[in-house]
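Trainee: I should like to learn how the features of a model are to be read. May we take them in turn, with the structure before us?

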Amino acid sequence: MTSLTQKSKYALKALFYLSRHYQPDQGVQTPVLIAELAEAEHIPRKFLEVILLELKHATLLQSRKGKGGGYWLSKKPQDIYLGHVIRIFEGPIAPIACVSKRHFEACQDCDDIDYCQVRYVMLKVKLAVLDILDKTSLADVLNADDLPIML
């Protein structure tokens, strides 16, 4: 993964929106209409439909068709981590293939992978990114008190 695709970005925006509508004190979640979510988050509706279906297949969402239908989180926002969501759409989170655990591929121009300085740095980058993404839930972001971020 070198940069986040629009699909992943929209998936996160949709999940944040659904997290804001999560009602833990009620026994049943109120479904959110696709049209409402698309308009509120400025996501093309057809593209959003595909994204929501993928999130449903990944068991992060549930849905109901017809009147009163829509989508809602199948888990608590504090149990959905950004790393998991990004992997659904992007696959492994690694800046180069030789630092990926499951999709490892040695670089053709590397003489000794154990002493490669590029791999060393990229592994540190990967671990730092994973440390953030795999420990940050939707709830963590919604409850962050340091937004907005100024660069």
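Mentor: Certainly. This is a predicted model. Let us begin with a loop: His42 is placed in the loop between H2 and H3.

Trainee: What does the backbone of His42 show, and is His42 buried or exposed?

Mentor: Phi of His42 is near 55°, a positive value in a residue other than glycine. For the side chain, one compares the relative accessible area with a cut-off, and exposed means over 50%. His42 has 64%, and therefore counts as exposed. Another residue to examine in this way is Thr59, which is found in the loop between H3 and S1. Thr59 is not a glycine, yet has a positive phi of about 65°.

Trainee: How many helices and strands does the chain contain, and in what pattern do they follow one another?

Mentor: The chain has six helices and two strands. Read along the sequence, the pattern is α-α-α-β-β-α-α-α. The C-alpha trace spans about 60 × 30 × 30 Å along its principal axes. Of the contacts with a separation of 6 or more, 62% join residues 24 or more positions apart.

Trainee: How is the span of a helix such as H1 to be checked?

Mentor: One sets the expected rise against the distance between the end C-alpha atoms. At 1.5 Å a residue, the 15 residues of H1 should span 21 Å, and the end C-alpha atoms are 21 Å apart, so the two values agree.

Trainee: Which residues of H1 are buried, and what covers them?

Mentor: The general idea is that an α-helix has 3.6 residues a turn, so residues three or four places apart point the same way. In H1, the buried residues are Ser8, Tyr10, Ala11, Leu12, Ala14, Leu15, Phe16, Tyr17, Leu18 and Ser19. Their cover includes helices H2 (34-41), H3 (45-57), H4 (82-90) and H6 (138-142), together with strands S1 (61-64) and S2 (70-73). For the chain as a whole, 33% of the 151 residues count as buried.

Trainee: Why does Ser19 count as buried, and what does its side chain reach?

Mentor: Buried means under 20% relative accessible area. Ser19, in helix H1 (residues 6-20), has 6% and therefore counts as buried. The side chain of Ser19 reaches the backbone oxygen of Leu15 at 2.8 Å. Beyond its neighbours within four places in sequence, Ser19 is in contact with Leu73, Pro77, Leu138 and Leu142.

Trainee: What does Tyr22 contact, once neighbours within four places in sequence are left aside?

Mentor: Tyr22, in the loop between H1 and H2, is then in contact with Gln29, Leu73, Lys75, Lys76 and Pro77. Leu73 and Pro77 are also among the contacts of Ser19.

Trainee: How should one compare separation in sequence with separation in space?

Mentor: One sets the number of residues beside the C-alpha distance. Arg87, in helix H4, and Ser8 are 79 residues apart along the chain, with their C-alpha atoms separated by 8.9 Å. Tyr22 and Tyr81 are 59 residues apart in sequence and 16 Å apart in space, C-alpha to C-alpha. With a relative accessible area of 30%, Arg87 is partly exposed. Not counting residues up to four places away in sequence, Arg87 touches Ile93, Leu130 and Asp134.

Trainee: What remains to be read for the surface and the charges?

Mentor: The chain exposes about 9900 Å², of which carbon and sulfur atoms supply 55%. There are 19 positive and 18 negative side chains, and the centres of the two sets lie 8 Å apart.

Notes: Residues are numbered from 1 along each chain as its sequence is written. This is a predicted model: local features need pLDDT of at least 70, side-chain atom pairs count only at pLDDT 80 or more; totals for chains, interfaces and linings use all residues. Side-chain values use heavy atoms; hydrogens and water are left out. Helices (H or I, at least four residues) and strands (E, at least two) are DSSP runs, numbered from the N terminus. Buried means under 20% relative accessible area, exposed over 50%, partly exposed in between (1.4 Å probe, protein chains only). A polar contact is a pair of N or O atoms within 3.5 Å; within protein, one must be able to donate a hydrogen and the other to accept it, and residues adjacent in sequence count only if both atoms are side-chain atoms. Contact means heavy atoms within 4.5 Å. Accessible areas come from the Shrake-Rupley method with a 1.4 Å probe; for residues, only the protein chains shown count as cover. Lys and Arg count as positive and Asp and Glu as negative; His and the chain ends are not counted. The place of a charge is taken as NZ of Lys, CZ of Arg, CG of Asp or CD of Glu. The expected span of a helix is 1.5 Å times one less than its number of residues.
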